[in-house]
Amino acid sequence: LTPQDLAGLMVLVTAGPTREPLDPVRYLTNRSSGKMGYALARAAAQRGARVVLVSGPTGLTPPPEVQLVPVETAQEMYEQVLQYGSGAAVVIKAAAVADYRPLQLSDQKIKKKDTQLTVQLTQNPDILAELGRRKAQGQILVGFAAETCNLQKNALDKLHRKNLDLLVANDVTLPGAGFDGDTNQVRIFGSQGQEESLPLMNKHKVAHGILDRVSRLYHSRVGG
Ligand code: C5P
């Protein structure tokens, strides 16, 4: 039987890629499937949480008992996450947010020419960093990091820079870890420097492993 250790808590999960439009028919995106975020949303709902899932375009079926808030761009995700985030006890940011968007959005389809085409990009807001700045007393903020090198150093830097409580890092060069795929292998870092490695498992089990850590942290703070 699944423990009801998140009963009554609001958990906000973000998932999937974002889409950054260039013109009416083209956009920039990334390889995120959304599977890890959807697995987290499903697992949190199973453990009794009220779950809001702010998701970029994925093609996945939303889990039962989860409130889906569909978005496309990083800017839209930013607005929805800030709206729902203030009331959430736990925010888990599994989305692969595009760091950049085209500076100009053409209202007509961009025509082919015989010359090179240069697209200028501008920075998107860092949603998680903004949540870290606004973090309410007791709120638990969980970030993800996909790394290809210096995993531990990059993970701890990110955790402190963004004022997070937990950071879930995966080495996307390992077989069976990261984007696409149904499995993942992660290391979880805490803000006091604690570290825990989970074995390679399906994303549903990884999700429960992450929520075990979230739950322990929450209950240690409220003394329950
Ligand atoms: O700094 P980096 O993008 O690697 O950090 C990844 C974490 O930050 C993820 O949890 C991701 O969802 C979040 N993020 C965000 N807004 C951005 C970029 C990343 O919330 N613009």
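**Figure 1. Overall size of the protein chain in the predicted model.** The protein chain has a radius of gyration of 18 Å, which agrees with the value near 17 Å for a compact globule of 224 residues. Along its principal axes, the C-alpha trace of this chain spans about 65 × 35 × 30 Å. The chain contains 5 helices and 14 strands.

**Figure 2. The pocket that holds the ligand.** The ligand takes up the space of the largest pocket. Two elements, helix H3 (127-134) and strand E9 (140-147), each give two or more residues to the shell around the ligand.

**Figure 3. Residues around the ligand.** The residues surrounding the ligand are Lys-93, Ala-95, Val-97, Asp-99, Pro-125, Asp-126, Ile-127, Leu-128, Gly-143, Phe-144, Lys-158 and Lys-162. Sorted by class, this shell is made up of 6 nonpolar, 1 polar and 5 charged residues.

**Figure 4. Backbone atoms beside ligand oxygen atoms, and the burial of the ligand.** A polar backbone atom of Lys-93 lies 2.6 Å from an oxygen atom of the ligand. For Ala-95, the distance from a backbone N or O atom to an oxygen atom of the ligand is 2.7 Å. Leu-128 has a polar backbone atom 2.9 Å from an oxygen atom of the ligand. The ligand taken alone exposes 450 Å², and the protein buries 86% of that area.

Conventions
Residues are numbered from 1 along each chain as its sequence is written. This is a predicted model: local features need pLDDT of at least 70, side-chain atom pairs count only at pLDDT 80 or more; totals for chains, interfaces and linings use all residues. Side-chain values use heavy atoms; hydrogens and water are left out. A residue is near a molecule or strand if one of its heavy atoms lies within 4 Å of it. A polar contact is a pair of N or O atoms within 3.5 Å; within protein, one must be able to donate a hydrogen and the other to accept it, and residues adjacent in sequence count only if both atoms are side-chain atoms. Accessible areas come from the Shrake-Rupley method with a 1.4 Å probe; for residues, only the protein chains shown count as cover. On a 1 Å grid over the protein atoms alone, a cavity is a set of points where a 1.4 Å probe fits but cannot get out, and a pocket is an open set with protein on both sides within 12 Å along at least five of seven lines; lining residues have an atom within 4 Å of a point. A molecule sits in a cavity or pocket if more than half of its atoms lie within 2 Å of its grid points. Helices (H or I, at least four residues) and strands (E, at least two) are DSSP runs, numbered from the N terminus. Ala, Val, Leu, Ile, Met, Phe, Trp, Tyr, Cys and Pro count as nonpolar, Asp, Glu, Lys and Arg as charged, and the others, Gly among them, as polar. The radius of gyration is taken over C-alpha atoms; the globule rule is 2.2 Å times the number of residues to the power 0.38.
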